[in-house]
Amino acid sequence: MDPLPHVIIFPFPAQGHVNSMLKLAQLLSLSNFDVTFLVTVDTHDRLVNHTDVLSRFGSGFHLQALPHGISMDGVNTRDGISMLYYSLNTIAKPFLREFIPNSSVTCLIVDGILSMAADVAEEINLPIIYFRTVSASSFWSYFCIPELIQAGELPLKENAKDLTLTKVKGMEDFLRGRDLPSFCQASDLTNPDFRIVMTETRQTPRAQGLILNTFEDLEGPILSQIRTVCPNVYTIGAVHAHLKAKLATKSTSSNSLWQEDERCMSWLDTQPPKSVIYVSFGSVAGLTKEELLEFWYGLVNSEQKFLWVMRPDLIIGQERKDEISVELEQGTKARGYMADWVPQEKVLAHRAIGGFLTHSGWNSTLESIVEGVPMICWPRFADQQVNSRFVGEVWKMGLDIKDTCDRDIIAKSIRDLMEKRNGEFSQRTEHMASLAKKAVNEGGSSYINLDRLIQDIRSMIP
Ligand code: UDX
């Protein structure tokens, strides 16, 4: 019997990254690959003890914990990413040097911001393929940062944030300073997180290929730009939809690290079609108490039904048990449902959902696109600023309200999305949703690219 390919998959240790790379792991397992998936000890324990993730894989899947000392706690604090990098370099890199040679590995599939794994792969002459969990558009804007600096467009000048930039090829007509990734928004460029993202991204051509969780009909023009510097791009997204198509199932396979509140689904069952706006700011982003209240008043004043994920750590530096006004309490009782964490893919697929108020994380954006749900985007950090610009200005699938946080604007935007302009947005989201589904079904672009990836890795077996 021919030997099976064995890949080590190494995501950056954060929920958004682990989520989509675990789905790639499952796709490769379905093609008879042996897969070793590397995670921090805390993620390992959460996946083993609190989820049924492992039951979805066969005997060829192995969840491997990295040594102690690398944790994603604190990643959303200032310098959080640089601290995590330091521990990855000092702990994970020597671990990889020992672990890989003893594991008969065919190929490494590594998060594209972990170039230290490329160092190790090059030392031992092992093929490496990068996976970037962000959109092609944000990846490309990260990649062009040195050109922006050279042209004097970075650092951004406070009064020039609404001007379009000239050095991100393919986006010259619409990408403004304020749409650049959050790392680029500072008035100086000394932030260590900024330097890490810039230098890591620039090293992408070191890998034999680049996997992106997107599809050609969504980001074709930007993918053409990326192919000028990384010719071998595998667009295999949306990976969650791809997995559903391969499993020929309507049900979702959540990779949540937290307990999901399933009761919200019964609440949704009692609501009319497209009557509920779903609100979530992802797994990391926090809000100040003032921002939270603006959103809360905006939601209640919009008089629409809402389902809001209020993670226990959502409010920065605060317990959320504080008193709220009678007005908010009554409005929430009448029209709202609050949950700590929900099965988001299932929620977005529910017929009662008519809109999504989101922080524009890439997984959330793709999940919304696949279900044809229009969005209101309030981006917080990293790639989210770019994603929201594409939703609002390029794909025209919703409203980008970045850099504002005002209850009246929020209430008006919700009413516009859910009522006044719903037809206009729904027409586009439904069209893109059908293209998204076409991409992952037999003969579609993502389907073909995954096949090519699988064949390419098989051909690497010595
Ligand atoms: C991070 C970054 O913020 C994001 O911009 C980047 O693209 C990936 O890494 P995160 O902020 O968590 O991720 O956002 P997002 O990418 O949207 O991922 C959140 C995931 O959590 C989604 O897959 C979503 O389905 C899931 N989720 C969210 C739930 O399962 N339940 C919830 O209640 C909320």
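This passage describes the overall fold of a predicted model, the strands around β11, the surroundings of the ligand, and the setting of one loop residue.

The protein contains 18 helices and 13 strands, and along its principal axes the C-alpha trace spans about 65 × 50 × 45 Å. For a chain of 462 residues, a compact globule would be expected to have a radius of gyration near 23 Å, and the value of 22 Å computed for the protein therefore agrees with that expectation. Of the 462 residues, 48% are buried. When contacts are restricted to residues at least 6 apart in sequence, 70% of them join residues that lie at least 24 apart.

Within this fold, strand β11, which comprises residues 353-358, is mostly covered, with 6 of its 6 residues counted as buried. Strand β8, formed by residues 276-280, pairs with β11 in the parallel sense, and this pairing extends over 5 bridges; here Val-279 stands opposite Leu-357 of β11. A further parallel pairing, over 3 bridges, links β11 to strand β12, which is made up of residues 375-377, and in this case Met-375 of β12 is the bridge partner of Phe-356. The connection from β11 to β12 passes through α14, and the resulting β-α-β crossover is right-handed.

The ligand is surrounded by 27 residues, of which Gly-16, Gly-282, Gln-344, Gly-361 and Ser-364 are the closest. Two or more residues of this shell are supplied by each of the helices α1 (15-30), α13 (344-349) and α14 (362-370). Helix α14 thus appears in two settings, as a contributor to the shell around the ligand and as the helix through which the chain crosses from β11 to β12. By residue class, the shell around the ligand divides into 15 polar, 9 nonpolar and 3 charged residues.

A separate part of the chain is represented by Arg-206, which is located in the loop between α7 (192-202) and β6 (209-212). Arg-206 has 15 other C-beta atoms within 10 Å, and it is therefore classed as partly exposed, since a buried residue would need 20 or more such atoms and an exposed one would have 12 or fewer. Although Arg-206 and Cys-230 are 24 residues apart in sequence, their C-alpha atoms are 9.0 Å apart in space.

Technical notes: Residues are numbered from 1 along each chain as its sequence is written. This is a predicted model: local features need pLDDT of at least 70, side-chain atom pairs count only at pLDDT 80 or more; totals for chains, interfaces and linings use all residues. A residue is near a molecule or strand if its C-beta atom, placed from the backbone, lies within 6 Å of it. Helices (H or I, at least four residues) and strands (E, at least two) are DSSP runs, numbered from the N terminus. Ala, Val, Leu, Ile, Met, Phe, Trp, Tyr, Cys and Pro count as nonpolar, Asp, Glu, Lys and Arg as charged, and the others, Gly among them, as polar. The radius of gyration is taken over C-alpha atoms; the globule rule is 2.2 Å times the number of residues to the power 0.38. Two residues are in contact if their C-beta atoms, placed from the backbone, lie within 7 Å. Two strands pair if DSSP finds at least two bridges between them. A crossover is right-handed if, with the strands pointing away from the viewer, the path from the first strand over the helix to the second runs clockwise.
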